[in-house]
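Visitor: Please take one part of this chain and look at it closely, and then set it against the rest of the model. I would like the cut-offs behind each term as you go.

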Amino acid sequence: MSAAPFDTVIRGGTVVTAADAVTCDVGIRDGRIVALGSDLAKGAREIDATGLLVMPGGIDSHVHIAQPSGAGIVMADDFESATRSAILGGNTTVMPFCLQEKGVGLREALNGYHALAEGNCYTDVSFHLIVSDPTPTVLGQEMPALAEEGYTSIKVFMTYEGLRLRDDEILATLDSARRSKQVVLVHCENEDAIRYLIGRREEDGDTAPYHHATSRPIAAEREATHRALSLAEIVDTPIVIVHVSNREAMEEIGRARMRGQKIAGETCPQYLVLTAEDLDTEDFEGAKYVCSPPPRDKPSQDACWQGLETGVFDLFSSDHCPFRFEDSAGKKTEKGRKSFRWIPNGIPGVGTRLQILFSQGVATGRIDVNRFVELTATNHAKLYGLYPQKGTIAVGSDADIAIWDPTAKGTIRNADLQHGADYTPYEGMEITGHPVTVLLRGEVAVENGELVAQKGQGAYLPRGQSSLFR
Ligand code: URP
Ligand code: ZN
Ligand code: ZN
């Protein structure tokens, strides 16, 4: 501990939480917030935040890093590059997925991911577990044991060959998760309908990237969302419907809430600012926007905005899932150029999530700063068992803080994002608002927009129970 009462004092900024926005100083000691008040004593380090917003560091609870993605395909980010881009974009915690491949146990899968992350992260990290092979050992032994160790969330897929679970497997996984008090994230798209449509498109010679979107229609997402919610109701397990792209799936969430189900909803930047038209290009450029569910249309964008404003959505995450474009191990696989079926699904976004919502949400007056904090940090911490250690600015919380200049103007450029992908879907987008300084557990990691942290400052976070169990 230093001789000064505080290691750092952030002075004179507007401190924003999900509930309040007040001008005060923030005193930090030993990585934690220890005082909020006016005229705090001098710190060993002083940060002048006059005219700036002092907000909790972003928590991006939906990112894919170094995830196996099929033979010959390589994800563009490792833990170093993904978390570097994340912290430059104002995030202090990311939650990647640990994918269980078939025939492999959860513990073995986790060992592999921890080895990749260890010593390489700029942000704190915590893993969700993807269950693709719900064997009796996984359901009866590994899930409960891992819940005890702080792995308190599971993701299941209703789409993707090799990953999707049948309804009986989903029920068994949900049932096990309820017993272990693990919240379940569900990717809702009807795989059989999609496979059928992909086959029809290929028969018709419609193999361009655009047909990724036409073969994954809203009805396939809506039906699966309804089914996931029904299965969760049957075994009384809380679920999170992730990456919702349209009004009809939102309506399913609304109806389930009306029935009293414990659920949460998530949407992502791509559903606010991209449409299926972005996939519809003469050349192969449309592959840059191939993700699932696909971006839809303007009415769907409006619906997603409305969902953020009115509370249908609790979470705004990136679903960062990066592949390089000019790369035969990325979007331009040999097979992918022949049919959209083989183009790796996913787009980068961990470094741009916060700026997009701030610019298009806060700066336009669609949402206020408190809702911004709730959607980008506080609710992630609550829903995934990190609150109040993370996700707020309060005495006792980790000093994970992003100091924003709300008026700074800029342009999204891939060159600035420092991730592993060779493009951003948001290239050239004008933005308002920028994280100038970012502190991770009290240490300055980004200063004047420049990275000053060393990799390895990020720690692994075991988690408690989701707020949905309360
Ligand atoms: O296209 C996407 N979203 N890829 C990432 C995997 C997933 O479904 O979340
Ligand atoms: Zn998904
Ligand atoms: Zn995802």
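Guide: Pro388 lies in the loop between helix 13 (369-383) and strand 15 (401-411), where helices (H or I, at least four residues) and strands (E, at least two) are DSSP runs numbered from the N terminus. The peptide bond that leads into this proline, from Tyr387 to Pro388, is cis, with omega near 0°. Before going further, note that this is a predicted model, in which local features need pLDDT of at least 70 and side-chain atom pairs count only at pLDDT 80 or more, while totals for chains, interfaces and linings use all residues. Side-chain values use heavy atoms, with hydrogens and water left out, residues are numbered from 1 along each chain as its sequence is written, and chains are lettered from A and ligands numbered from 1 in the order in which they are written.

The loop of Pro388 runs up to strand 15 (401-411), and from there the contacts of Ile431 can be followed. Ile431 belongs to strand 16 (residues 430-440), and its relative accessible area of 9% makes it buried (under 20% relative accessible area, against over 50% for exposed and partly exposed in between, with a 1.4 Å probe and protein chains only). Apart from neighbours within four places in sequence, Ile431 is in contact (heavy atoms within 4.5 Å) with Gln355, Ser359, Ala408, Lys409, Gly410, Thr411 and Ile412. Of these partners, Lys409 is 22 residues from Ile431 in sequence, yet their C-alpha atoms are 5.7 Å apart in space.

A cis peptide bond is found elsewhere too, from Ser292 to Pro293, with omega near -10°, and Pro293 sits in the loop between helix 9 (270-273) and helix 10 (298-310). Two loops hold a residue with positive phi that is not a glycine. Asp30, with phi of about 50°, is in the loop between strand 2 (21-29) and strand 3 (32-37), and with a relative accessible area of 52% it is exposed. Asp236, with phi of about 55°, is in the loop between helix 7 (218-235) and strand 12 (239-241), and is exposed at 59%.

At the metal site, the zinc ion (ligand 2) has as its protein donors Lys155 (NZ), His187 (ND1) and His243 (NE2), at 2.1 to 2.2 Å; donors are N, O and S atoms within 2.8 Å of the metal (3.2 Å for Na, K and Ca), and since water is not among the atoms, sites may look incomplete. The donor residues are spaced K-x31-H-x55-H in sequence. Lys155 lies in strand 10 (residues 153-157) and His187 in strand 11 (residues 183-187), so this pair ties together parts that are 32 residues apart in sequence. Lys155 counts as buried at 1% relative accessibility, and His187 is buried with a relative accessible area of 1%. The zinc ion (ligand 3) is 3.7 Å from the zinc ion (ligand 2).

These details sit in a protein chain with 14 helices and 18 strands, whose C-alpha atoms fill a box of roughly 70 × 50 × 40 Å along the principal axes. Buried residues make up 61% of its 470 residues. Of the contacts between residues at least 6 apart in sequence, 78% join residues at least 24 apart.
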